[in-house]
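Colleague: I'm new to this structure and would love a guided tour of one part of it. Could you pick a single residue and its surroundings, and then show me what else is worth a look?

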Amino acid sequence: MEIDEDGKRKMPKVAKVKNKMPAPVQITAEQLLREAKERELELVPPPPKQKVSDPEELAAYKMRKRKAFEDNIRKNRGVMSNWIKYAQWEESQQEVLRARSVWERALDVDHRNVTVWLKYAEMEMRARQINHARNIWDRAVTILPRVNQFWYKYTYMEEMLGNVAGARQAFERWMEWEPDEQPWHSYINFELRYKELDRARSIYERYILSVKNWIKYAKFEEKNSYINSSRGIYERAVEFFGEDNMDEHLLISFARFEEGQKEHDRARVIYKYALDNLPKDKCEEIYKNYTIHEKKFGSRAAIEDVIVSKRRFQYEEEVKENPKNYDAWFDYLRLLEEDESIDQVRDTYERAISNIPPSREKRHWRRYIYLWINYALYEELQIEDVDRTRDVYKACLDIIPHKKFTFAKIWLMFAQFELRQKNLQAARRILGTSIGKCPKNKLFRGYIELELQLREFDRCRILYEKFLEFGPENCTSWMKYAELETILGDMSRARAIFELAINQTKLDMPEILWKAYIDFEIEQEEYDRTRALYRRLLERTNHVKVWISFAHFEKDTEDEDAIASARKVYQEANRVMKKSTENEERLMILESWQKFEEEEGDDASQAAVKKLMPEKVKKRRKIQTEDGTDAGWEEHYDYIFPDEETAQPNLKLLAMAKKWKSQQEKVVSTET
C-alpha cells in the first residue's frame, strides 16, 4: 500500500477485468483433487529402516523410545492412549515387568478406565501369568462391579482354565449385585453346559420377577421333560401376578403349552379365563390365538363362538369409544339377536336407546329413531311380547320432542301394531292423537289409507276435510279427495271439490290440479264444461302448453266441426301470442299448428300457416352486470314474423340480400 506526500495511504489500483466471459476450460474442485491424487503430492516418504547391530545400539534405542514416551506422559498425564502405547511397547520388547509397572502407574492415574483394566488383564493372560490375571480381574470387579464386561471376561477365563468352581464362585459374586437379565441367563447357560439342572432351577427361582422370565423358566422345565413342573410354574405365575396385573403373553404361552400337551380343554379354559379377566384392549392377541386353536382342534360351533365373541369385543370397543355411533349399535344388536340370550339383547337395546342425540335437530335423530323401531320389532316378532312392544312404542313417543318435529313412521307403526292385535279403537286413538299433536301430510295419508282399507268412507271424508283445513295449498290432497268421490260415483261432489280447489288463492302445483279437473270432465264426456275450464284457465295464464292442449282437445272430440274448432284455437293463440314479446312461444304455437295442418288440413291451410313462419336471424345485444355497468356485447338468435309491421324493412333487406347472393353464385358458376 502506497503512502503519498501528506502521509495518507493510497489504495492500490485494481486492474479492471475487461473480458468477463467464462474460460473455455472450466476447472472444478473434483478435478483438482483427482490430479493431486494422481500426482501423489500428499504422500510423505516413509522413514528409513533402522537396523540394530549390537546391544549398545539396542540400549540406546530403548532409552530414546522410553524418553519419548515419558515426555508424552509428562506433557499430558490424563491421556490414557499414551500409557497404553507405552505399556504395549514394553510388552513388545519382552519387558513384562516394565509393562506391568506402566499399567500400574496408569491405574494410579485413572482407576475407572475400563480399557486400561481390560488390556492389562489381556497382557497377563498372553504372558500366561494366570495368577496375575486373576488378581487383576478380582481388583477390577471389586472397584467397578457394574461393568459386566469384567465379569464376562473373568468367568470366561476361569471356565477356559477348567476351574468350574472358580467360575461358579465368580458368578455368585456377580449375582449378589443383582444385575440385569442377561447375566442371569449366562449363569444358567453355564450350569446347563455342565448338566447341572438343579443348580439352573435354583437360579431361575432366585430371579423370576418378570413375565418373560416366568415363561423362560416354564419352557426350561418343558424342554427337559418336566411337564408337571412346567405346568406348576405357569400356575404359580398366574397366582403371582393376580387378576389386576395379568399379562396376555403369559396366558398365551400357558395355553400353547397345554395345546402342545394335547390338553385342549385346559387350553380352552385358559383362553376363556383370559377373555373374562383381561382388559378389552389387551384381548386382541388372545382372540387371534384362540381362533387359531379352535380352527385346529375345535368343532364348528366352537369356532363360530370364538368369531362371535371377537366381533362382540370389537363392537363393544366401538360403542365405548363413541356411544353416538348408531351404526355400530345396529351391527352389535344384529349380532346379539342371532345367538345371545333375551336378557342380554334387551339390556343392549336399553344401553343403545339411552344415548339420546344432544341437539333438537331432526337430522341428528334420523338414525337414532331406528334403534327404537328395531327394538319394537324384536319384541313383537321374535319375543312375541305384546305388552313390552306397546311399552317400547309409548316410551319412544314420549322421548320425541313433538313441538320441534315428529316421526310419522313411529305413529303409523304403532297404529299398525294395534291393528295386528285387533285393537281398532286404540289404532284410531293413536292416529287421532298424532294428528292433533303434530299434524303431518304423511300422518293424514296413513290414517285415510287405514279407513279406506276398512271401507269407512264417511270417516275418510271427515279426514280429507281436516287434511285440507291443515294444508289447503296441497293439490295432491284435493285430487285424492276428488278421486275418492269419483270412485264412489258422486260426480257432483267431486266437481264441487275441484271447484273449491281451483279457487284457492295459493296452490303448490296448480297446473297438475287443472289438468286433473280437465281430465275428469273429459272422462265424463262433458265437453262444454271442458271448454269452459280451458277458457277460465286461459284467463289466468296464456301459457303455450295450455293453448296446445286446448287445440288437441278440440281435435280429439267427436264433433263434426272438430277440425275447424281446433284451427280456430290455433288462430286465437297466434293472435294472443302476437301481442306478447315471447317469440319462441309463438313459434311453438306455429310449429304445433303446422304439424296439425300437415295431418288434417289441405294445401291452402298449410300454405297459410307457412306464410306465418318467422325468419331466424342473429342479433347482438348489450350485456349489463348487476350493478348496471356495461359488460360488452353478446350474440343471440331472434325470430322475425312476416305480419309484424316493424319487420317489413328487415324482411325486404333480407330478401334483397338473398337475391344478390344467388346472382353472385350464378356468375361464379358461369365463369367456371
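Modeller: Happy to! Bear in mind that this is a predicted model. Let's start with R428, which touches Y447, E451, L454, E456 and R459 once its neighbours within four places in sequence are set aside. R428 sits in helix 23, the stretch covering residues 424-437. Is R428 buried or exposed? Its relative accessibility is 10%, so R428 counts as buried, the cut-off being under 20%.

Two cysteines can be read the same way. C438 has 6% relative accessibility and therefore counts as buried. C396 is buried too, with a relative accessible area of 1%. As for disulfides, a search of the whole structure turns up zero.

Now for another part of the model, the largest pocket. It holds about 420 Å³ of space. Its lining is made up of 15 residues, and those closest to the pocket's centre are E511, W514, K515, L537 and V546. Which elements give two or more residues to this lining? They are helix 28 (510-523), helix 29 (527-540) and helix 30 (544-556). Helix 28 provides the largest share, with seven residues. Sorted by character, the lining of the largest pocket has seven nonpolar residues, five charged ones and three polar ones.

If you'd like to trace this in the viewer, begin at R428 in helix 23, then move along to helix 28, the element that gives the largest share of the pocket lining.

Methods:
Residues numbered from 1 in each chain as written. Predicted model: local features only at pLDDT ≥ 70, side-chain atom pairs only at ≥ 80, totals over all residues. Heavy atoms only, no water. 1 Å grid on protein atoms, 1.4 Å probe; cavity = no way out; pocket = protein on both sides within 12 Å on 5 of 7 lines; lining within 4 Å. Points joined across faces, edges and corners; volume = space filled by probe spheres on them. Helix = DSSP H or I, 4+ residues; strand = E, 2+ residues; numbered from the N terminus. Nonpolar A, V, L, I, M, F, W, Y, C, P; charged D, E, K, R; others polar. Disulfide = S-S within 2.5 Å. Buried < 20%, exposed > 50% of the residue type's maximum accessible area, 1.4 Å probe, protein only. Contact = heavy atoms within 4.5 Å.
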